[in-house]
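Reader: I would like to know what the descriptive words for a model rest on. Please set each value against its cut-off.

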Amino acid sequence: MNILDRIRGGGNKAAGTERPPQPEWVEISESVSRLCSFDAGGGGSISVKVIQDARPIHDKVVDSFLNKFFPSGYPYSVNEGYLTYTKFRALQHFSSAMLHVLSTQSLLFAAGLRPTPAQATAVSWILKDGMQHAGKLICSGMGARMDSEPKSWRIFADVLYDIGTALEVVSPLCPQLFLEVAGLGNFAKGMAVVAARATRLPIYSSFAKEGNLSDLFAKGEAISTLFNVMGIGAGIGLASTVCSTTQGKLIAGPLLSAVHIYGVVQEMRATPVNTLNPQRTAMIVADFIKSGKVSSPAELRYREDLLFPNRLIEEAGSVTIGQPLCRVLSPRLVEQLRATFPNEKFLLSQKSNKTCIVLEQSASGEDALRGWLVAAFASELERSGIGLRDTVLTEAYEKMERVFPTFVSEVRSRGWYTDQFLDGNGSRIAFAKFQ
């Protein structure tokens, strides 16, 4: 009996009860040879052993880096834009960590201490408490708005963080107001922390392609940690040299802040969020009205307005959503519109140059799309002068009914999630049912 048989455990068995030899094969891929075999237990699992790796050291290092900091199966396991997002995320965390070291050193100077850069790094964990908790409590009530516009809120979080950092950097200029300035800075940072953490999950979810959200989250946090550590090291170097004085910090601080904000803006622009909110719904409908085609999340991402997400889009009917029903419609008009749109979960009213939509409590993304299409068709009919004003909504509704099955099927096939509509803290209605 050969040694392979002994390894398989057949040495002490009778010839009639020995297991048949398990098939083995060698797979060669990119200069790496792997010996593969089925496990002896017969469970169907495969064991793999590297027997030769002729790759250059550079390729081994790159592969090791990808395995530690990118999701398994990258780039096929993530949606488009993930590499761009990761590059600017690294830049954002690197510049943010440098700013953090400089601001902490400034706080200690303002408090009357003369710390070394290393001391500034260590004591930062203590200084971030206090007023920061109040900022967290205030910002926690805005979670629904963050679900609706995670990218805009992520940018807002970093702007807040830099404002808090700026207050800490200038604190040595007014040491008599140290507690007030430091407290206000930490208050802004507390709000920033909540907003940044709350928007992290929807942003990571937009890249998940194969149910690998946990892997994406773990690797994304690994990238953040790596570049935070590198940024702290670079910040200590700056604090020991050109930024050892307040004047130096006042020069370097704005430059680092500009790099930080630029990084997060580009990071968010690269993120293809696939949930429906007012802005993305309006853009989808406007594209469909103009060209008959539906844009995918990846195609729409660079056109989103991250600074003013509530702007009205004329081609989509200039729709506003989420206003209280009593401000939009009179009781008589409510009954009239419910008759015009039977069995629908939205009410729609045209006012001067805009259209107001009110959704029912259980309305989904598909219901919002139906309402937006009616508004867009009605606006198109009015601009062209084809329909009479009294019948425009009825004609628009009939046209929506004809095209909606094809339209919503295309929306889904392009990767949009239509089961929910995220309108932030907008008002919704629930009509009472009478027996």
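Author: Start with exposure: a residue is buried under 20% relative accessible area, exposed over 50%, and partly exposed in between, using a 1.4 Å probe and protein chains only. This is a predicted model, in which local features need pLDDT of at least 70 and side-chain atom pairs count only at pLDDT 80 or more, while totals for chains, interfaces and linings use all residues. Residues are numbered from 1 along each chain as its sequence is written, and side-chain values use heavy atoms, with hydrogens and water left out.

Reader: Why is K399 called partly exposed?

Author: K399 has a relative accessible area of 28%, which lies between the two limits, so it is partly exposed. E380, at 27%, is called partly exposed for that reason too.

Reader: What makes E380 and K399 a salt bridge?

Author: The term needs a side-chain nitrogen of Lys or Arg within 4 Å of a carboxyl oxygen of Asp or Glu. For E380 and K399 the closest N and O atoms are 3.5 Å apart, so the pair qualifies. E380 is in helix 15 (residues 365-384) and K399 in helix 16 (residues 392-413); the two are 19 residues apart and link distant parts of the chain. Helices here are DSSP runs of H or I with at least four residues, strands are runs of E with at least two, and both are numbered from the N terminus.

Reader: How many salt bridges does the structure hold?

Author: The structure holds 17. One of them joins the side chains of R200 and E221, at 3.5 Å from N to O. R200 belongs to helix 8 and E221 to helix 9 (residues 213-240), 21 residues apart, so this pair also links distant parts of the chain. R200, with a relative accessible area of 24%, is partly exposed, and E221, at 22%, is partly exposed as well.

Reader: Which residues are linked with R200 in a network of salt bridges?

Author: The network consists of R89, R200, E221 and E267.

Reader: How do you know that D215 forms a salt bridge with K219?

Author: Their closest N and O atoms are 3.2 Å apart, which falls within the limit for the term. D215 and K219 both lie in helix 9, four residues apart, about one turn of the helix. K219 has a relative accessible area of 12%, which is under the limit for buried, so the word applies.

Reader: What makes helix 7 roughly antiparallel to helix 8?

Author: The angle is taken between N-to-C directions, from 0 to 180 degrees, and the axes are lines fitted to C-alpha atoms over the stretch in contact. Helix 7 (residues 150-170) and helix 8 (residues 178-205) have axes that come within 7 Å and cross at roughly 155°. Angles under 35 degrees count as roughly parallel, over 145 as roughly antiparallel, 65 to 115 as roughly perpendicular and the rest as oblique. The angle is over 145, so helix 7 is roughly antiparallel to helix 8.

Reader: Why is helix 8 called oblique to helix 9?

Author: Helix 8 and helix 9 pack at an angle of about 120°, with their axes 10 Å apart. That value falls in none of the named ranges, so helix 8 is oblique to helix 9.

Reader: Which of the two crossings is left-handed, and which is right-handed?

Author: Left-handed means that the near helix is turned anticlockwise from the far one by less than a right angle, and right-handed means clockwise. Helix 7 passes helix 8 in a left-handed crossing, and the crossing of helix 8 and helix 9 is right-handed.

Reader: How do you know that there are zero disulfides?

Author: The term needs a pair of cysteine sulfur atoms within 2.5 Å, and a search of the whole structure finds zero. C174, at 18% relative accessibility, is under the limit and counts as buried, whereas C326, at 67%, is over the limit and counts as exposed.

Reader: What is odd about phi in S318 and N343?

Author: S318 has a positive phi of about 50° although it is not a glycine, and phi of N343, also a residue other than glycine, is near 65°. S318 lies in the loop between helix 12 (297-300) and strand 5 (319-321) and is buried at 10%. N343 lies in the loop between helix 14 (331-340) and strand 6 (346-351) and is exposed at 80%.
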